[in-house]
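User: I keep meeting terms that sound like labels. Please show me how each one is earned.

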Amino acid sequence: MAARGRRTKVLPSELNKVCPEKGDDSATHPKKMSDFEVVPNLQQSSSSVSRSRRKAHFPTGSKEKENLISWIPENIRKKECTYFVESSQTSDSGRVVCECGYLREQHLEDAAKPPIFLGKEWDPSRHIQEMPTDAFGDIHFTGLGQKMGKYVRVSSDTPPRVIYHLMTQHWGLDAPNLLISVTGGAKNFTMKPRLKNIFRQGLVKVAQTTGAWIITGGSHTGVMKQVGEAVRDFLLSCSHKEGEIVTIGIATWGTVYNRESLVCPLGGFPAEYILDEENQGSLSCLDSNHSHFILVDDGTHGRYGVEIPLRTRLEKFISEQTKVKGGVAIKIPIVCVVLEGGPGTLDTIYNAITNGTPCVIVEGSGRVADVIAQVASLPVPKITVALIQKKLSMFFHDAYDLFTEAKLVEWTKKIQDIVRSQELLTIFREGKYGQQDVDVAILQALFKASRNQDHFGRENWDHQLKLAVAWNRVDIARSEIFTDDHEWKPTDLHPVMAAALISNKPEFVKLFLEQGVRLKEFVTWDTLVYLYDNVAPSCLFHSKLQKVLLEERERTGGSKMPRIQLHHVSQVLRELLGPSTQPLYPKPKHTERPRLSIPIPHIKLNVQGSSLRSLYKRSAGRVTFTTDPIRDLLIWAVVQNRKELAEIIWAQSQDCMAAALACSKILKELAKEEEDTDTKDDMLALAEQYEHKAMGVFTDCYRKDEERAQKLLTRVSEAWGKTTCLQLALEAKNMKFVSHGGVQAFLTKVWWGKMCVDNGLWRVIACMLCFPLLYTSLIAFREKRLQPLGCLTRLRAFFTAPVVIFHMNILSYFTFLLLFAYVLMVDFQPLPSWREYLLYFWLVSLVCEEIRQLLYDPDGFGMVKMASLYFKDFWNKLDICAILVFITGLTCRLMPSTLYPGRIILSLAFIIFCLRLMHIFTVSKTLGPKIIIVKRMMKDVFFFLFLLAVWVVSFGVAKQAILIHNEERVEWLFRGVVYHSYLTIFGQIPSYIDGVNFNIDQCSPNGTDPYKPKCPETNEDSKKPIFPEWLTVILLCLYLLFTNILLLNLLIAMFKSRSTRTRSGSSSGTT
C-alpha cells in the first residue's frame, strides 16, 4: 500500500498485480467483514504512458476497448480523500478510521500528514479531490454462468451528459423510448406471490415492448433484487437476443461489497466479481441480473444515498433528450414505479411529483406505497395527521415509534401534495387492471401526465399517439387514443403512418388503415422518395441503390453523391423484375420538377426545421401523386423483406395476382445476391409464400370463370411495367404456379394456336407433309369462321400455330443435319458442290438468327447488357461454339493444303450441331425431363472425374515405375499412365502385368520401335520379367476394387439422386 502514492509505470507483465483476478490471495479477497476495508486506489500516470499501456494490454483487434480505456480516464473521474483525520467512530474490526470512513493505509501515501492541511478540521469540499477513475470495463459474476455486464466508477459531480454519452456511444445502448425509474425498499421485503408475479411480468413487458431503460439502485436486495429477478426470469424464457432488457443499476461505490475486484486502471475486461451475501455485513453486493452499473463515488466509505443526487440529475437529463425514429421525434418520457419503501422513498415520490414525473404506486407491496395507495382516492382535506398516523401504525409496525409529531406533520403535508397531483399519480391495484397489466398501468400513467401545460387540444392527442408508436403498443392506442373523445382526420395520421412504416410496425399501419388513412392520399412523390431515403442500411436493396447513385456521380463527374430519386429506384427494380418490364418510375424529362416550397432534410415532429406534417400541407396544384400507391408501398416493404408489412399492403392491392408474382420475382433475385444465410432463407420462404398467394387467387378465379381467369394470365399490367402475369411467373421460375391446371390448359391452347387441342400429333405432321389435307376434316379448328373447308385462312391459321412452327423447325434442322452428314461422308470434293453451297447458305441463315437474338433490344438495355443476357444461356454458348468451329473448318477446307484438316474440324462441328438437338426436345414431356437430367448430370460427372483421376494417375504412375525402366517417349508414357489405366477399368487388363502371359515379341526391349511399348524389366539370360508380380497383382486388385465397385457405384448413386429430383419436378418444368 505504500506504493500507492507514487506514480509508477505499470507494465503489461505486471497487469495481474494491478487488476485482481479470481484466485488471488486472501489479502486481495477478504473473507470477513472486518477485512473489507482495503480498497486499492492507483494513481494514473501521464496520458501518453497510459495509452502505451493500453495498446500493450489488448490485441490489435480490440479497437472498442482501446477507445474506451482512452476515453474514460480523460472524461470520468473518481474521488479520494487526501487528508487523514481520525474519526471518533471505528471500523467493524475496531480499527481507527478517517472521517471519510477509510483506514489510514487506504489513503494515498502523502495523505497521512499533508503539511498544508495539518491541524485543520476535515472538510469534504477541500480534502476530497477528483482524479481519473480506476474502475471500469466488463463485470463478470463469478459462479453465475455467463452473466456479464458493464460498469464504471464515477464521481458524484460527474455531468449527466458525460454518463449519457458513455452509455449511448461507448456502451452501444440505443436511446430509450421510455425511462422507468424503480424505487422503493432497499431491504428485502415480502410480497404476495400473485402480486410479485404480476409486477415482474408487467414491468418486463413494458420494458421489452417499448424499448425502455429500467433504472434501479443496482444492489442485490429489496426492490432492486425484485427487478433483477424479473429480468432474469424473462431472459430464461426468451430465446431471442432482441429480447434483452437494459437494466441500469446506480449504486454508491463506497457501499459495494467486494468492490476491490473491480479496480483496474486499464479496465477490467472482464473484472471477476463475487456475489457474497453471507459476509457483506452492512455493505451490499451488486445484483447479477442488471446489465449496466454506474457506481457513484464521493470519496467516502459505507455511506448510503450518495448516488441519489446524480441519479436524479441523470434521469432528468435523459428525459430532456429528444429521440427521432421513423420521422417522429419525442422527448424521452420518464415514469417512477414505487414498491414498498421508507422515508427516503417518500422523498423520492415527492420530488418526482414536484418535477412533473408521473408515479405508479404498487398497492400491496408494503409501507410507504400502501400508505399513499390507501389515501390516494380521498379528498385532500380528509387526509389528516390522525389518518396518516393510523396508516403508519398499520404498515410500519415496529418502526412506528420512531415517528415524532413533527415528522408526522411533515409526512402528512408531503402526502397531501402528492395526492393533490392526481394527473401524475396512478395506483396499481391487483385485480383492477387484470392479472398481468402493470404495463398498462405504467403507460396509462404517462398518458395522464401528458395532459399538462405543454400540450393542448390536438397537439396533446398527437403527443400521446407518438408515444404509443414509439413504444409499439397498438393495444394502448386502441383503448386510450382512438376513442370517442377525439375525432381523427385521416390526414392527421399521415406523419405517424410514415413513422410506423419506417419503424416496421405493421400493427400500427393496419390500425391507421382502419382509421381511414387512404393510401392514394398518403403516398405522394415526395413521401415515396423520403421512404426510400430511410431504407434500412443493412438491407441489400440499400447497397444496390447506393451503387446506382455512385455510378451516376462518376458518370456526371460530380463531387457529391446525388440525392435518391425514383428513377434510381426504378433502375434497380428493373434489374430485379427482368427485361420484360418497363421502368416503373420513368426519369423526368426536365432536370427540375415541381418541388415542395419547404426543404425537407429530415422529417420530424415537434422539433426545429420542417415537419413531416408539412409534407401533406400544400396546395392541391403542387401535389405529385404516384400512379399506384399500393404497388409503391408494397415494393418498398418487399425489398426490405418486411413480411408482415408487405402482407397488409398486398391485401389492399387490386391487381393482387400480378403483385404477388412480382414480389416473388423481386425476392428471388435479391436472395441470389444476399450473403447472410438466414436472410436469404427468409427471402426464399417469403417468395414461395407469394407464389402460393398468386396460385390461390388464380384458383378462385378459375373456379368461377375459366375463360376470364385465363385472360388474366396475358392481360398487360400497366402497374407492373406493362408485363403479364404469365411473363412474371416465367421470369421468376415460379414452376408451381406454371404447373397449375388452369395455366397448363391455357398454355396448351396457345401451343395449338387456333386449332382444337384434341387434334392428334400425327394429323399435324401429315398436314405438314401434305398441306392439301387441311381442306379435309382431318384437322379441327376452334373458331367457327375457320370451319368451312374451302376457307383460305385455314392454311394461315395452321402454319402460324406454335406447334406447327416447332415441328417445322425440327424438320428443317433434321434436313440441315442430313445435308451436313451427306456432304461430309459422300460429297466432300476439292471444289464445293451445289449441295455444299446450300449447306453454307443454310449456316448463314443460322448466323443471322443468332445475330438477331443478340442485337434485338426492344427495351433499350444497350449492347453490353444484351450481350450479357445472351451469353447467360448455355444453348446460346453452344450455338456460338458450333458456328465458330464450322467457320474454322470452312476456312481450312477452302485452302487446298489444309483440305483434310478442314474436313476433320467440320466433323467436330457436326457433333456440336447434333448436341443442339437436345435443346429442341426439352419441350417434350417424354424427352424433356431426360434431357434436363443429362444436362444436370454433367455437373456431377466433373466431380466424379476428379476422384477417378486421382486413382487412375496414382495407379498408372506406380505401374509404369515398377514395370518399365526409363521410358522417354512422351506418347508411350501417356499410354502407360493414363490410357492403359483407364481401359483397365473396363476389363482390358495388360497381359504383362502379372508376368504369366508375357511375350517379348509384343514389346521393344530398348524402346526403339515407335509402334511397340518398351519391355518390362527382364532377366538378361532367360528374358523373363523380374518385377515383383505379387505387388502388381495386389495393386491391380485394389485399383479395380475402388474404381469399378466404389467409384462407379458412387456415380450411379449420384445419377439416380439427380434423376429422382428432376423427375419429381418434371410436371412443373415441361413448359
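User: Why is L1038 called partly exposed?
Analyst: This is a predicted model, and in it L1038 has a relative accessible area of 42%. Buried means under 20% and exposed means over 50%. The value of 42% falls in between, so L1038 is partly exposed.

User: What makes L1038 part of a nonpolar patch on the surface?
Analyst: Patch residues need over 30% relative accessible area. L1038 has 42%, so this cut-off is passed. Its partners in the patch are W1030, I1034, L1041, I1045 and L1046. Together the six residues have about 590 Å² of accessible area. L1038 itself lies in helix α40, residues 1029-1064.

User: Now the sheet. Why are β10 and β16 called edge strands?
Analyst: The open sheet has ten strands, in the order β10-β5-β6-β11-β9-β8-β7-β14-β15-β16. Strands β10 (268-273) and β16 (425-428) each pair on one side only. The twist averages 25° from one strand to the next.

User: How do you know that β15 and β16 pair?
Analyst: Pairing takes at least two bridges. Four bridges join β15 (residues 359-362) to β16, so the two strands pair. They run parallel. In one of these bridges, C359 has L425 of β16 as its partner.

User: Which helix packs on the sheet at about 105° to β15?
Analyst: Helix α10, residues 367-375, does. This helix touches β14 (334-339), β15 and β16. Helix α13 (residues 438-449) lies across β7 (178-184), β14, β15 and β16. The direction of α13 is at about 165° to β16.

Definitions and conventions: Residues numbered from 1 in each chain as written. Predicted model: local features only at pLDDT ≥ 70, side-chain atom pairs only at ≥ 80, totals over all residues. Heavy atoms only, no water. Axes fitted to C-alpha atoms, helices over the stretch in contact; angles between N-to-C directions. Contact = heavy atoms within 4.5 Å. Patch = residues over 30% accessible without salt bridge, like charges linked within 9 Å, V, L, I, M, F, W, Y side chains within 5 Å. Areas by Shrake-Rupley, 256 points an atom, 1.4 Å probe, with all protein chains shown as cover. Salt bridge = Lys/Arg side-chain N within 4 Å of Asp/Glu carboxyl O. Buried < 20%, exposed > 50% of the residue type's maximum accessible area, 1.4 Å probe, protein only.
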